[in-house]
Every structure is written in structure tokens, then in C-alpha cells.
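User: I would like a close look at a single part of this chain. Please take one helix and follow its contacts outward.

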Amino acid sequence: MPGSPEMEGFWIHFVETVYGAWLYGDARGFRTRHHREHVEGDYKDPPPTGKYDIKRRGSMEILKQSPVVLVPAWRPIIGAAVRDRLQDQGAFVLCLAQGGQHLHLLAKLPLTSDARIWMGLAKKHAAFEAKAQGWQGKLWGKRGKEVRVRDRAHQLNVYRYILAHVKEGAWIWVWKHN
């Protein structure tokens with residue numbers, strides 16, 4: 001049955017960011033597209049302070065609006081819209097965390113689905129829902145990350161990781177069997 005935990009399919013961990021959340025030159029570390037340029041550090045071991053300030057300023061100058069940070073009131077609106085659209089398409093959504101700049105979601109998709117396209121439609125739906133409730137401007141960043149879950153241990157790690165975002169103020173949603 002589509003949209004149920006028993007359906008044939010594959011598990012996927014979606015990681016999506018809002019507009020301007022992770023720019024070239026970010027102090028937390030960053031990657032250039034296709035790793036065309038070597039960049040020191042990452043979010044666990046950031047690059048030296050100030051090393052990429054020029055890149056950061058350049059990135060900020062070309063933004064069409066200020067970077068988005070969702071206040072807590074918007075998080076359930078955006079997260080629920082993404083969840084609802086994926087469920088309407090036939091996905092089984094197990095859990096999600098919508099934070100100020102990131103969405104993490106664990107879902108099982110039918111075997112014939114393309115995860116990137118499905119999430120694109122869900123993000124588009126969420127943007128329309130937000131605009132209907134007064135949102136102005138861009139909402140989502142480009143090119144989220146879709147990580148296929150390898151095995152049960154990986155699935156459990158992703159599940160715990162997503163739920164741990166509550167400590168950062170994320171809106172959390174978890175599927176409950178009726």
C-alpha cells in the first residue's frame with residue numbers, strides 16, 4: 001500500500017536548506033561545486049577565522065535577498081507542507097525536523113521514484129503554502145542532499161539524528177501508528 005511502512009521502496013534521508021543558509025566563504029566551512037577548489041576545514045573543524053572572508057562577502061553581494069532564517073512560528077507550517085506533499089505523492093514519512101535553516105526528513109519512497117524530483121515538488125508546495133500565509137521572497141536554497149539509507153543501523157542513526165534537532169529549536173514531527 002503506498003504511503004505505508006510496508007510498501008516496497010527505499011529509505012532516504014533528505015537534507016534541505018533555506019535560501020542563503022550555506023554560502024561560499026561560510027565560517028563553518030563550505031564546499032565549492034564539484035569540489036573544484038580545495039577548501040580547508042568543515043563544520044566539525046572550521047577553517048581559520050577570516051581565511052575566506054572575501055569569498056563570503058562576494059557571496060553575500062550576489063544574493064537577491066537576505067539569507068532566510070525561519071522563526072519558530074514558520075517551522076511547523078513549512079515542515080508540515082513538505083511532509084504532506086510527500087505523503088500525497090505516496091511516500092511514507094517517518095520523521096522530520098524543520099529548523100531555522102535546515103530540514104531533515106526520513107522517508108520511504110516507492111522503488112520507481114526519483115527522490116530529488118519528489119523533494120523539489122514538496123519544496124515548491126511548501127513555498128506556495130508559505131506565500132498563501134504571508135511569506136515574501138525566496139524560501140529554499142538550491143540542490144538539497146538526498147542520502148539513500150544503506151541498512152537498518154544507518155536508518156536508526158538517521159532517525160536519532162533528526163529527532164536530536166529538537167535541542168536546536170527545530171519543529172519535530174514523528175509518524176505514529178493509529
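Analyst: E16 is buried, because its relative accessibility is 1% and the cut-off for burial is under 20%. In this predicted model, E16 has a charged partner. K123 forms a salt bridge with E16, and the closest N and O atoms are 3.1 Å apart. The two come from distant parts of the chain: K123 sits in helix α3, E16 in strand β1, and 107 residues separate them. K123 is buried too, with a relative accessible area of 11%. Side chains of opposite charge can pair when their charged atoms come close.

Now the helix itself. α3 covers residues 115–132. At 1.5 Å a residue, its 18 residues should span 26 Å, and the end C-alpha atoms are indeed 26 Å apart. D114 caps the N-terminal end of α3. One of its side-chain oxygens lies 3.1 Å from the backbone nitrogen of R116. Just after the helix, G134 takes a positive phi of about 105°.

Which residues of α3 are buried? They are A115, W118, M119, A122, K123, A126, A127 and A130. An α-helix has 3.6 residues a turn, so residues three or four places apart point the same way. The buried residues of α3 pack against β1, α2, β3 and β4.

R116 gives α3 another charged link. The side chains of R116 and E146 meet in a salt bridge, 3.4 Å from N to O. E146 lies in strand β4 and R116 in helix α3, so the pair ties together parts that are 30 residues apart in sequence. Both partners are partly exposed: E146 has 21% relative accessibility, and R116 has 48%.

The total is 3 salt bridges. One of them joins D84 and R83, with the closest N and O atoms 2.9 Å apart. D84 is partly exposed at 30% relative accessibility, whereas R83 is buried at 13%.

Next, the nonpolar packing. The largest nonpolar core has 28 residues, and V82, L86, L109 and W140 have the most contacts inside it. Elements that give two or more residues to this core are β1, α2, β2, β3 and α3. The largest share, 7 residues, comes from α3. V82 shows how the helix is met: beyond its sequence neighbours up to four places away, V82 touches M119, A122 and A126, among others. L103, L105 and W140 are also on the list for V82. A second, separate core of 11 residues includes W11, F92, C95 and L106.

Helix α2 offers a contrasting charged residue. R75 is found in α2, which covers residues 75–89. R75 is buried yet has no salt bridge. Its nearest side chain of opposite charge, E168, is 8.3 Å away. Beyond its sequence neighbours up to four places away, R75 touches several residues, including L70, Q98, E168 and W171.

Past the end of α3 comes a loop. G137 is found in the loop between α3 and β4. G137 is partly exposed, with a relative accessible area of 34%. Leaving aside neighbours within four places in sequence, G137 is in contact with Q65 and K131. The C-alpha atoms of G137 and Y19 are separated by 9.6 Å, though their positions lie 118 residues apart along the chain.

Finally, the whole chain. The protein chain has 4 helices and 5 strands. From the N terminus on, the order is β-α-α-β-β-α-β-α-β. Buried residues make up 43% of its 178 residues. Of the contacts with a separation of 6 or more, 71% join residues 24 or more positions apart.

How values were computed: Residues are numbered from 1 along each chain as its sequence is written. This is a predicted model: local features need pLDDT of at least 70, side-chain atom pairs count only at pLDDT 80 or more; totals for chains, interfaces and linings use all residues. Side-chain values use heavy atoms; hydrogens and water are left out. Buried means under 20% relative accessible area, exposed over 50%, partly exposed in between (1.4 Å probe, protein chains only). Lys and Arg count as positive and Asp and Glu as negative; His and the chain ends are not counted. A salt bridge is a side-chain nitrogen of Lys or Arg within 4 Å of a carboxyl oxygen of Asp or Glu. Contact means heavy atoms within 4.5 Å. A nonpolar core is a set of buried Ala, Val, Leu, Ile, Met, Phe, Trp, Tyr and Cys residues joined through side-chain atoms within 4.5 Å. The expected span of a helix is 1.5 Å times one less than its number of residues. A polar contact is a pair of N or O atoms within 3.5 Å; within protein, one must be able to donate a hydrogen and the other to accept it, and residues adjacent in sequence count only if both atoms are side-chain atoms.
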